[in-house]
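Biologist: I am new to this structure and would like a close look at a single part of it, the sheet and what surrounds it. Please begin with the whole and then work inwards.

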Amino acid sequence: MLLQEPDEGGIFEYVRQARPANDASEDAALVKRVLSGEQKPEQANVRAGSVVLIRGNEHLHRVTPVHGVLPRVLAVLSYESTPGVTLNEYTRLKFFGRCS
Ligand SMILES: O=C(O)CCC(=O)C(=O)O
């Protein structure tokens with residue numbers, strides 16, 4: 001849920017069906033096309049108050065760089081259906097700023 005829009009940028013971009021459900025493999029050619037700019041991702045019109053529901057493990061997604069003074073503020077809600085699974089180090093650092 002986006003709580004505050006930044007002055008500029010911070011656009012949510014995505015590519016549908018980049019990875020099949022329950023498959024850890026990645027379409028490296030697709031990722032390369034997106035990163036090189038050859039394939040343009042779709043952009044979502046996300047405004048303050050918008051909620052985006054996405055199965056992030058199946059769809060490539062990113063946010064364009066944020067510019068200006070006003071930060072982009074959002075609440076990310078997630079769930080895990082398997083008991084005992086914890087966030088990996090990268091994700092803990094990203095969301096909480098620390099690993100322990
Ligand atoms: O910043 C966002 O809008 C999306 C965040 C997200 O999907 C993620 O961190 O995986």
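Modeller: Of the 100 residues of the chain, 17% count as buried. The model is a predicted one, and every value below is computed from it. The chain exposes about 7,800 Å², and carbon and sulfur atoms supply 54% of that area. Its C-alpha atoms fill a box of roughly 40 × 40 × 20 Å along the principal axes. Taking contacts between residues at least 6 apart in sequence, 82% join residues at least 24 apart.

The chain has 2 helices and 7 strands. Read from the N terminus, the order of the elements is β-β-β-α-β-β-β-β-α.

Now to the part you asked about. Three of the strands make an open sheet in the order 4-3-5, and the pairing is antiparallel. Strand 4 (42–43) and strand 5 (60–63) are the edge strands, each pairing on one side only. In general, strands of a sheet pair through backbone hydrogen bonds, either parallel or antiparallel. Here, strand 3 (residues 12–15) pairs with strand 5 in the antiparallel sense over 4 bridges. With strand 4, strand 3 pairs over 2 bridges, again in the antiparallel sense.

The individual partners can be followed along strand 3. Phe-12 stands opposite Val-63 in strand 5. Glu-13 has Arg-62 of strand 5 as its bridge partner. Towards the other edge, Tyr-14 stands opposite Glu-42 in strand 4. The side chains of strand 3 go two ways: Phe-12 and Tyr-14 point one way, while Glu-13 and Val-15 point the other way. All four of these residues are buried.

A helix also belongs in this picture. Helix 1 (residues 28–36) lies across strand 3 and strand 5, and runs at about 25 degrees to strand 5.

Next comes the ligand. Which residues are around it? They are Phe-12, His-61, Val-63, Arg-72, Leu-74, Lys-94 and Phe-95. The pair Phe-12 and Val-63, which stand opposite one another in the sheet, are thus both among the residues around the ligand. Three side chains bring polar atoms to oxygen atoms of the ligand. For His-61, an N or O atom of the side chain is 3.1 Å from a ligand oxygen. For Arg-72, a polar side-chain atom lies 2.6 Å from an oxygen of the ligand. For Lys-94, the distance from a side-chain N or O atom to a ligand oxygen is 2.6 Å. Taken alone, the ligand exposes 290 Å², of which the protein buries 73%.

Following the chain out of strand 5 leads to Thr-64, which is found in the loop between strand 5 and strand 6 (66–67). Is Thr-64 buried or exposed? Its relative accessible area is 18%, and because buried means under 20%, Thr-64 counts as buried. Leaving aside neighbours within four places in sequence, Thr-64 is in contact with Gly-9, Gly-10, Ile-11 and Glu-13. Glu-13 brings us back to strand 3, where it points the opposite way from Phe-12 and Tyr-14. With Gly-10 there is also a polar link: the side chain of Thr-64 reaches the backbone nitrogen of Gly-10 at 3.1 Å.

The last stop is the helix at the end of the element order. Asn-88 sits in the loop between strand 7 (73–74) and helix 2. This residue caps the N-terminal end of helix 2 (residues 89–96), with a side-chain oxygen 3.3 Å from the backbone nitrogen of Tyr-90. The side chain of Asn-88 also makes a polar contact with the side chain of Thr-91, at 2.7 Å. Asn-88 has a relative accessible area of 45%; that value lies between the limits of 20% and 50%, so the residue is partly exposed. Helix 2 is followed by Gly-97, whose phi is positive, near 75 degrees. Asn-88 and Cys-99 are 11 residues apart along the chain, and their C-alpha atoms are separated by 8.7 Å.

To put the part together: strand 3 is flanked by strand 4 and strand 5 in the order 4-3-5, helix 1 lies across strand 3 and strand 5, and the residues around the ligand include Phe-12, His-61 and Val-63.

Technical notes:
Residues are numbered from 1 along each chain as its sequence is written. This is a predicted model: local features need pLDDT of at least 70, side-chain atom pairs count only at pLDDT 80 or more; totals for chains, interfaces and linings use all residues. Side-chain values use heavy atoms; hydrogens and water are left out. Two strands pair if DSSP finds at least two bridges between them. Contact means heavy atoms within 4.5 Å. Axes are lines fitted to C-alpha atoms, for helices over the stretch in contact, and angles run from 0 to 180 degrees between N-to-C directions. A residue is near a molecule or strand if one of its heavy atoms lies within 4 Å of it. A polar contact is a pair of N or O atoms within 3.5 Å; within protein, one must be able to donate a hydrogen and the other to accept it, and residues adjacent in sequence count only if both atoms are side-chain atoms. Accessible areas come from the Shrake-Rupley method with a 1.4 Å probe; for residues, only the protein chains shown count as cover. Buried means under 20% relative accessible area, exposed over 50%, partly exposed in between (1.4 Å probe, protein chains only).
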